[in-house]
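Open the model in your viewer and show side chains as sticks. The tour begins at one side chain and then zooms out.

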Amino acid sequence: LILDAQRQATATTFMQLVLVLIATAPLAGAIGERCRFFPMLLLSLVMGGFLVPLVAHWVWSDHGWLHRIGFFDVAGASVLHVSGGMAAAVGAIVAGPRSGKYNREGSSNLIPGHNAAMASVGVMLILVGWFPYVLGAGSLHGGMSGAAMNIMLSASAGALVAVLISHARYGKPDAMLTYSGLLGGLVAICAAG
């Protein structure tokens, strides 16, 4: 019985660490090459050590003020994705645009991905990892019938829309934009979790 409790505590701790990692990833991605390493590390520590636990307490704790007024967020759409996205937006505004992104007349340049193979592997790992993430969060709140199908449909719809938009705009599908659409679909399904 004690061993089962220890395993449960270890699994819960691991899940919470993964959730913090998910929330801090947009910030690191938004300012990664435009910021020195230690300030970026400090920002990630503040976010992971203060902001995410605070928002998580508000939403997921029985004593949190948002939980008490009936706010419900199973898979972290607000706790993880909104807080991570807002921190990334603030970081990007403070850091400024990437070098070479904008021309003098205000038009923008496409900055292509540096390694399509690594991006492909990363997106596929995220897709595979999304299933235990959402299903694990759902099991904490009473099960998620049909959630695996919803995850796959949402990722597929996001990728399909991105392919269609990139084809309409650029005359051909773009893999990196397709990956962005797929990831957007995964984030979007968390709100319906």
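Select Ser83 and Val79 in this predicted model. A polar atom of the Ser83 side chain sits 2.3 Å from the backbone oxygen of Val79. Draw that distance before moving on.

Next, colour by secondary structure. Ser83 belongs to helix H4, which covers residues 77-95.

Is Ser83 buried or exposed? Turn on the surface and look. Ser83 is buried, because its relative accessibility is 9% and the cut-off for buried is under 20%.

Now select the neighbours of Ser83. Leaving out residues up to four places away in sequence, Ser83 touches Met47 and Ser78. Show both as sticks beside Ser83.

Zoom out to the whole chain. How many helices and strands does the protein chain have? The count is 7 helices and 0 strands. Trace the chain along the sequence and the pattern reads α-α-α-α-α-α-α.

Switch to the C-alpha trace. Along its principal axes, the trace spans about 65 × 40 × 35 Å.

Colour by burial next. The protein chain has 193 residues, and 29% of them are buried. Then bring up a contact map. Take the contacts between residues at least 6 apart in sequence: 58% of these join residues at least 24 apart.

Show the full surface. The protein chain exposes about 12,300 Å². Carbon and sulfur atoms supply 70% of that area.

Last stop: charges. Select the 9 positive and 6 negative charges of the protein chain. Mark the mean position of each set; the two points lie 11 Å apart.

Key
Residues are numbered from 1 along each chain as its sequence is written. This is a predicted model: local features need pLDDT of at least 70, side-chain atom pairs count only at pLDDT 80 or more; totals for chains, interfaces and linings use all residues. Side-chain values use heavy atoms; hydrogens and water are left out. Helices (H or I, at least four residues) and strands (E, at least two) are DSSP runs, numbered from the N terminus. Buried means under 20% relative accessible area, exposed over 50%, partly exposed in between (1.4 Å probe, protein chains only). A polar contact is a pair of N or O atoms within 3.5 Å; within protein, one must be able to donate a hydrogen and the other to accept it, and residues adjacent in sequence count only if both atoms are side-chain atoms. Contact means heavy atoms within 4.5 Å. Accessible areas come from the Shrake-Rupley method with a 1.4 Å probe; for residues, only the protein chains shown count as cover. Lys and Arg count as positive and Asp and Glu as negative; His and the chain ends are not counted. The place of a charge is taken as NZ of Lys, CZ of Arg, CG of Asp or CD of Glu.
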